[in-house]
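Colleague: I have just opened this structure and would like to learn how to read it. Could you walk me through it?

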Amino acid sequence: REKERKKGNQSTHRETSFGEMLDHAKAALGILLHGCYGPLVAVVFLLAVLLLCAYLGVFQKVFFYNVIQPEVTLAYVRFQGDYKNVGPVFDKIRKTLEGAVFQKDVISLAGLYFDNPKETAKSKCRACCGFLLPGKATALTLGDVEKLGFETRTLPKTECLVTSFPFRMMLSFIVAVLKVYPAARKACDDGKMPRHSGVLEMYTSTDIRFCFPLENAESFGPDGQPYTATAAAETAKDK
């Protein structure tokens with residue numbers, strides 16, 4: 001019995017010592033978290049934001065290159081309104097293309113944008129939303145396209161100032177617009193590109209390509225007409 005009593009005392013002593021150690025550890029952890037948890041979370045959050053921004057290309061510089069854009073056919077539906085609302089239009093187009101007999105011929109989704117929202121009322125901004133086909137699309141293909149409710153127009157071989165932006169997620173569209181168009185406006189101010197011209201955006205699974213034509217303005221304008229400063233001023237009056 002004496003041995004069992006001593007053994008029990010030793011066991012109790014060990015349990016008590018472990019409990020005290022656990023209490024001390026909890027207290028130390030509480031002090032650490034109380035003193036460092038807030039700043040640590042802030043640092044981790046800031047690091048995560050910076051990594052996300054880098055991933056989306058926020059820190060990427062915008063460079064324009066002279067490129068000869070080959071002749072393509074744009075199949076499209078007309079859009080008028082705030083450009084931020086074109087997303088659902090492209091979603092509908094993407095669904096329409098599923099199973100289309102000419103789907104294998106589609107180069108990419110694309111949009112032809114005519115108006116500068118800084119000069120034109122957002123409700124008056126115009127665009128052609130659709131997809132690109134090879135420039136020599138067959139009459140049969142064009143017929144199938146038109147049966148689905150799309151109009152078509154040919155964009156001739158054209159020299160353009162072109163830049164690309166990485167497509168990572170839906171936020172990429174916002175970042176790309178906020179990066180590319182201010183750079184384009186600066187290029188206009190420097191006389192490197194026409195101030196009023198339609199802009200072709202091409203959307204692939206990896207990037208967003210912006211084409212600013214240096215010629216053939218009428219082919220990239222609304223209804224086959226170049227978009228002029230006078231037209232911009234008249235549109236703005238309707239705001």
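Modeller: Gladly; we will go from the overall fold to the core, the ring pairs, the salt bridges and the surface. Please keep in mind that this is a predicted model.

Colleague: Let us begin with the fold. How many helices and strands does the chain have?

Modeller: A good start is to list the elements in order. The secondary structure here comprises five helices and eight strands. Read from the N terminus, they follow the pattern α-β-β-α-β-β-α-β-β-α-β-β-α.

Colleague: And how do I read the contacts in the chain?

Modeller: You look at how far apart in sequence the touching residues are. Taking contacts in the chain with a separation of 6 or more, 76% are between residues 24 or more positions apart. You can also ask what is covered: of the 239 residues in the chain, 33% are buried.

Colleague: That brings me to the interior. Which residues have the most contacts inside the largest nonpolar core?

Modeller: To find a core, you look for buried nonpolar residues whose side chains are joined within 4.5 Å. The largest such core in this model has 34 residues, and Phe90, Ile93, Phe131, Phe210 and Phe212 have the most contacts inside it. At least two of its residues come from each of β2, α2, β3, β4, β6, α4, β7 (199–203) and β8 (207–213). Helix α4 supplies the largest share, seven residues.

Colleague: Could we zoom in on one of those residues? What does Phe210 touch?

Modeller: Leaving aside residues up to four places away in sequence, Phe210 touches Leu161, Val162, Thr163, Phe165, Ala176, Val180, Tyr181, Leu200 and Glu201. Apart from the largest core there is another, with 15 residues, including Leu112, Leu132, Leu155 and Cys160.

Colleague: Several of these names are aromatic. How many aromatic pairs does the structure hold?

Modeller: Nine. For each pair, you check the distance between the ring centres and then the angle between the planes. Take Phe131 and Phe150: their planes stand at 85 degrees and their centres are 5.1 Å apart, so the pair is edge-to-face. Phe131 belongs to strand β4 and Phe150 to the loop between α3 (139–147) and β5, so this pair ties together parts that are 19 residues apart in sequence. Both of these residues, Phe131 and Phe150, are buried.

Colleague: May I see a second pair to compare?

Modeller: Phe173 and Tyr203 also make an edge-to-face pair, with 5.6 Å from centre to centre and 75 degrees between the planes. Phe173 is in helix α4 and Tyr203 in strand β7, so the pair ties together parts that are 30 residues apart in sequence. Are the two residues buried or partly exposed? Phe173 is partly exposed, at 28% relative accessible area, while Tyr203, at 12%, counts as buried. Rings can also gather in a group: Phe64, Tyr181, Phe210 and Phe212 form one aromatic cluster.

Colleague: Now for the charged residues. How many salt bridges are there?

Modeller: A search of the whole structure gives three. One joins the side chains of Arg78 and Glu151, at 2.8 Å from N to O. Arg78 sits in strand β2 (residues 72–80) and Glu151 in strand β5 (residues 151–155), so the pair ties together parts 73 residues apart in sequence.

Colleague: And where do Arg94 and Asp91 lie?

Modeller: Both are in helix α2 (residues 87–97), three residues apart, about one turn of the helix. Their closest N and O atoms are 3.0 Å apart.

Colleague: That leaves Arg126 and Asp115. Which of them is buried?

Modeller: These two form a salt bridge with their closest N and O atoms 2.9 Å apart. Asp115 is buried, at 6% relative accessible area, whereas Arg126, at 25%, is partly exposed.

Colleague: Finally, the surface. Which residues form the nonpolar patch?

Modeller: Leu52, Met169, Leu171, Ile174 and Leu178 form it, and together they have about 440 Å² of accessible area. Helix α4 (residues 171–189) gives the most, three residues. Met169 lies in the loop between β6 (158–166) and α4. For the chain, the accessible surface is about 14900 Å², and 60% of that belongs to carbon and sulfur atoms.

Key
Residues numbered from 1 in each chain as written. Predicted model: local features only at pLDDT ≥ 70, side-chain atom pairs only at ≥ 80, totals over all residues. Heavy atoms only, no water. Salt bridge = Lys/Arg side-chain N within 4 Å of Asp/Glu carboxyl O. Helix = DSSP H or I, 4+ residues; strand = E, 2+ residues; numbered from the N terminus. Buried < 20%, exposed > 50% of the residue type's maximum accessible area, 1.4 Å probe, protein only. Patch = residues over 30% accessible without salt bridge, like charges linked within 9 Å, V, L, I, M, F, W, Y side chains within 5 Å. Areas by Shrake-Rupley, 256 points an atom, 1.4 Å probe, with all protein chains shown as cover. Contact = heavy atoms within 4.5 Å. Phe/Tyr/Trp six-rings, centres within 6.5 Å; stacked < 30°, edge-to-face > 60°.
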